[in-house]
Amino acid sequence: MNPPALGSVRHDWSLPEVQALFALPFMDLIFQAQRVHREHHLPNTVQMSTLLSIKTGACPEDCAYCPQSVHYDTGLDRETLLEVAEVREAAGRAKAAGATRFCMGAAYRSPKAKDIAIISEMIREVRAAGLETCATLGMLKPDQALQLKDAGLDFYNHNLDTSPEYYGEIITTRTYQDRLDTLDAVREAGLKVCCGGIVGMGESVTDRAQLLRTLANLPEHPESVPINQLVQVPGTPLHGRAGVDPFDFVRTIAVARLLMPASHVRLSAGREGMSDEVQALCFLAGANSIFYGEKLLTTGNPDVMRDQQLFARLGLKAEGQAVRADGAAALVAPRLEDASEAQVV
Ligand code: SAM
Ligand code: DTB
Ligand code: SF4
C-alpha cells in the first residue's frame, strides 16, 4: 500500500517517516512544504500576535532556557501581576500596530485562584479591544481551563519544548506528562491550543523529529505551532551553546508544516538575530505567523518598522487585519475571494 500523500491531516506519524522528511534534500523539502502550505492556506499571508509579560520573573520552574527562572541569575527585575489598565493600554497599542491576537504570558508554575480572577478581567479587556486572546500561565487544571474559557479566552499556549527523550536535560521541576495533561485540560475546556517548542538547545535531529511527531500525533493538531529558536540569555544554563545552523531551523519549520498542514506555524522567538533572508526562507517553508512588536516576554523582537519593511519587500500581508486610518494598506490581507489567481495557485 502506498503511504498517504503529503498534505493530508494525520495523527499516526512514525519516527522513520518524520526522520525521512528531515533527511530530504533542502530544496525538495521546501518545495513540498510550500506546496502543502498552498493547499491549506492563503499564500503570502501571515498572522500577527503580540506578546505581553503580565507577570515577570521569579518563576519556581528550572527551564534551562528561561531568563525568568528563579534558579538562574539573569539580572532580570521581577514584577508582580500588572494592573488591568496597563494590559488594556498595551492591547490598544498592539491593535493599532496591526496585531490580531494578544498573548499574555506569566512566569508561573501554575496560576492561583486570585490570579485567574484578575487575568479573566484582562481577557475581557483584550477582547473588547477587538483582539483574539491567548494566555500562557503554566500548568492548568481542568476547572482553571474552564474558567479561562468562560472569561472569553480563545487560545492557551503551553509548549512541549522538545522531545520526550531530551526533556529531562532541560527541565526537572515538571514532567512531560504534566504538560500533556495541561494540553488535555485546555482541549477539554474548548480552548484552541497553541503548542510548539524550541530549536537550538543542543537537541539532535531525532529530538526535533520526536517533538514534531508528538505534536502531530495529539488527538487534534494544535491550531498554532510556535517554533522558537533559542534566545540565549546570559546566566541561563543554555547560554553559550553552539547556535543552530539556520538551514536546520528552516527544515524544522518545513517539517512542522508537512506534519500539521492546516495549523498556523509560527516563526517565534529568535527573529531578532535572524537575517531577513532566513526569515524569508521560513515563510517559504510554510511559516504563516509571527510575534509582532519590539518585545517578546523579556527579550527583544524586531521592531514594527523592520517587520513592515520586510513584509513590503516580500509582498506579505497581515492576516485578517482591517484597513488602518493611517493607510498601512500593505498590511491588509486579501480575502480569499478577492485574491488574484496568482495569489491562490
Ligand atoms: N511560564 C509559562 C510556561 O512555561 O508554561 C509561560 C511562559 S514561557 C516563557 C512560554 C514558552 O516560551 C516556553 O515554553 C518556551 O518554549 C518559550 N521560551 C522561554 N524562554 C525562551 C528562550 N530563551 N528562547 C526561546 N524560547 C523561549
Ligand atoms: C512561545 O512559544 N514563545 C513565546 C510565547 N510562546 C509565550 C515566548 C518566547 C520567550 C522568549 C524569551 C523571553 O522573551 O523571555
Ligand atoms: Fe517559568 Fe515558563 Fe520560564 Fe519555565 S518557561 S521558567 S515555567 S516562565
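How many Å separate an oxygen atom of ligand 1 from an N or O atom in the side chain of Asp161? The views below start from there, and keep in mind that this is a predicted model.

**View 1. Asp161 meets ligand 1.** Here's the answer: an N or O atom in the Asp161 side chain is 2.6 Å from an oxygen atom of ligand 1. Asp161 is also listed among the closest residues around this ligand.

**View 2. Asn159 and Arg174 reach ligand 1 as well.** For Asn159, a polar side-chain atom sits 2.9 Å from an oxygen atom of ligand 1. Over at Arg174, an N or O atom of the side chain is 3.1 Å from an oxygen atom of the ligand. On its own, ligand 1 has 560 Å² of accessible area, and the protein covers 91% of that.

**View 3. Stepping back to the whole shell of ligand 1.** Ligand 1 has 16 residues around it, with Tyr65, Thr136, Asn159, Asp161 and Val231 the closest. Sort the shell by class and you get eight nonpolar, six polar and two charged residues. As for where all this happens, ligand 1 sits in the largest cavity.

**View 4. Ligand 3 and its neighbours.** Ligand 3 sits in the largest cavity too. Three cysteines, Cys59, Cys63 and Cys66, help surround ligand 3, along with Glu61, Tyr65, Ser69, Ala107 and Arg174. By class, that shell splits into five nonpolar, one polar and two charged residues.

**View 5. Tyr65, found around both ligands.** Look for Tyr65 among the closest residues to ligand 1, then find Tyr65 again in the set surrounding ligand 3. Arg174 turns up twice as well: its side chain has the 3.1 Å pairing with ligand 1, and Arg174 is one of the residues around ligand 3.

Definitions and conventions
Residues are numbered from 1 along each chain as its sequence is written. Chains are lettered from A and ligands numbered from 1 in the order in which they are written. This is a predicted model: local features need pLDDT of at least 70, side-chain atom pairs count only at pLDDT 80 or more; totals for chains, interfaces and linings use all residues. Side-chain values use heavy atoms; hydrogens and water are left out. A residue is near a molecule or strand if one of its heavy atoms lies within 4 Å of it. A polar contact is a pair of N or O atoms within 3.5 Å; within protein, one must be able to donate a hydrogen and the other to accept it, and residues adjacent in sequence count only if both atoms are side-chain atoms. Accessible areas come from the Shrake-Rupley method with a 1.4 Å probe; for residues, only the protein chains shown count as cover. On a 1 Å grid over the protein atoms alone, a cavity is a set of points where a 1.4 Å probe fits but cannot get out, and a pocket is an open set with protein on both sides within 12 Å along at least five of seven lines; lining residues have an atom within 4 Å of a point. A molecule sits in a cavity or pocket if more than half of its atoms lie within 2 Å of its grid points. Ala, Val, Leu, Ile, Met, Phe, Trp, Tyr, Cys and Pro count as nonpolar, Asp, Glu, Lys and Arg as charged, and the others, Gly among them, as polar.
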